[in-house]
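Hi,

Here is the structure I said I would pass on. Have a look at it first, and then read my notes underneath.

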Amino acid sequence: MPTLPRTILLATDFSPSADQAWQVASQLARATGARLIVLHVIPTEIAGYEAVLQGLPVAEYRRQAERAMSRYQAADLPVETRLVEGPPAETILRVAADTGADFIVLGSHGHGVLTRMLLGSVAEQVLRKAPGLVLVVKSLPASGKKSPPPSG
C-alpha cells in the first residue's frame with residue numbers, strides 16, 4: 001500500500017481540468033501536510049509558434065503565465081510555483097525527480113488540437129513513465145455534475 005505523499009507536483013496548463021486538478025491537489029496537500037509545487041511548462045518546440053498564433057511574443061506569453069500562476073495560492077497552504085520551458089511530459093517528470101515529488105497531479109486535457117497533434121497526450125506520457133503515483137483529474141461539466149449517459 002502506498003504511503004501518504006510527501007511532495008505533490010501539480011502540472012497545470014491553466015485549463016478547466018487543471019483548475020479541478022488544483023482543487024484535488026490542494027485538498028490532498030492540506031489533508032496530508034505534503035509540500036505542494038505547481039508547475040507550468042512552456043513547450044520549447046511550440047512556444048514561439050503558439051505565441052504567434054495568439055498574437056503574443058514569447059516574453060509576453062511568459063509574463064501572462066507568471067500572472068496566471070497566482071491563481072494557485074491559498075492563505076492556509078504554502079505553495080511553490082515554477083515556470084519551466086521544455087517538452088511538457090519530460091519536463092514534468094524531470095521536475096518531479098528534481099524536487100522529490102512522489103505524487104503527480106494533472107488535468108486530463110487542456111491544450112488545443114494543434115498542441116495535442118504535436119505533443120501527444122501529456123497526461124498519457126506522464127502516466128506511462130512516472131516512477132510514482134499519478135492522478136489524472138478529468139474535467140467535469142460546468143455544473144459540476146456528471147453528464148447523463150446518452151439515451152438510445
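Below is what I found in it, going from the overall layout to single residues.

First, a caveat: this is a predicted model, so please read everything below in that light.

**Overall layout**

The chain has six helices and five strands. Starting at the N terminus, the order of elements is β-α-β-α-α-β-α-β-α-α-β. There are 152 residues, and 43% of them count as buried. If you take the contacts with a sequence separation of 6 or more, 76% of them are between residues 24 or more positions apart.

**The two cores**

As a general point, nonpolar side chains tend to be buried together in soluble globular proteins. The largest nonpolar core here has 24 residues, and the ones touching the most other members are Ile8, Leu10, Trp22, Leu36, Val38, Tyr72 and Val105. At least two residues each come from β1 (7-11), α1 (16-32), β2 (35-42), α3 (58-69), β3 (79-85) and β4 (103-107). Helix α1 is the biggest contributor to this core, with five residues.

Separate from that one is a second core of 19 residues, with Ile37, Leu93, Val95 and Ile104 among them.

Trp22 is a good place to start clicking around. Once you set aside residues up to four places away in sequence, Trp22 touches Leu10, Leu36, Val38, Tyr72, Gln73, Ala74 and Val79.

**Around α1**

Just before this helix, have a look at Phe14, in the loop between β1 and α1. Phe14 is not a glycine, yet its phi is positive, at about 70°. Most residues other than glycine have a negative phi, so I would check the backbone there by eye. Phe14 is also buried, with a relative accessible area of 18%.

Ser17 is in α1 itself. How buried or exposed is Ser17? Its relative accessible area is 1%, so it counts as buried. The side chain of Ser17 also has a polar partner, the side chain of Ser15, at 3.1 Å.

On the other side of the helix in sequence, Ala34 sits in the loop between α1 and β2. Despite being in a loop, Ala34 is buried, at 7% relative accessibility. Not counting residues up to four places away in sequence, Ala34 touches Pro5, Arg6, Thr7, Ile8 and Ala29. Ala34 and Ala101 are 67 residues apart along the chain, but 9.7 Å separates their C-alpha atoms.

**α4 and α6**

Which helix pair should you look at? I would pick α4 (residues 88-99) and α6 (residues 122-129), whose axes come within 8 Å and cross at roughly 45°. That angle is why α4 counts as oblique to α6. The crossing is right-handed. On the α4 side the contact is made by Pro88, Ala89, Ile92 and Leu93, and on the α6 side by Val122, Gln125, Val126 and Lys129.

One of those, Gln125 in α6, is buried, with a relative accessible area of 18%. The C-alpha atoms of Gln125 and Leu93 are 9.5 Å apart, with their positions 32 residues apart along the chain.

Thr99 also belongs to α4. Its relative accessible area is 10%, so Thr99 is buried. What does its side chain reach? One target is the backbone oxygen of Val95, at 2.8 Å, and another is the backbone oxygen of Ala96, at 3.4 Å. Leaving aside neighbours within four places in sequence, Thr99 is in contact with Thr7, Arg35, Ile37 and Arg82. Of these contacts, Ile37 is also a member of the second core.

**Strand β5**

Last stop: Leu135, in strand β5 (residues 133-137). Leu135 is partly exposed, with a relative accessible area of 30%. Its contacts, leaving aside neighbours within four places in sequence, are Val24, Phe103, Ile104, Val105 and Leu106. For Leu135 and Leu106, which are 29 residues apart along the chain, the C-alpha separation is 6.5 Å. Two of the partners of Leu135 tie back to the cores: Val105 to the largest one, and Ile104 to the second one.

That's the lot from me.

Cheers

Note on methods:
Residues numbered from 1 in each chain as written. Predicted model: local features only at pLDDT ≥ 70, side-chain atom pairs only at ≥ 80, totals over all residues. Heavy atoms only, no water. Core = buried A, V, L, I, M, F, W, Y, C linked by side-chain atoms within 4.5 Å. Buried < 20%, exposed > 50% of the residue type's maximum accessible area, 1.4 Å probe, protein only. Helix = DSSP H or I, 4+ residues; strand = E, 2+ residues; numbered from the N terminus. Contact = heavy atoms within 4.5 Å. Polar contact = N/O pair within 3.5 Å; in protein donor to acceptor, adjacent residues only side chain to side chain. Axes fitted to C-alpha atoms, helices over the stretch in contact; angles between N-to-C directions. Parallel < 35°, antiparallel > 145°, perpendicular 65-115°, else oblique. Left-handed = near helix turned anticlockwise from the far one by under 90°.
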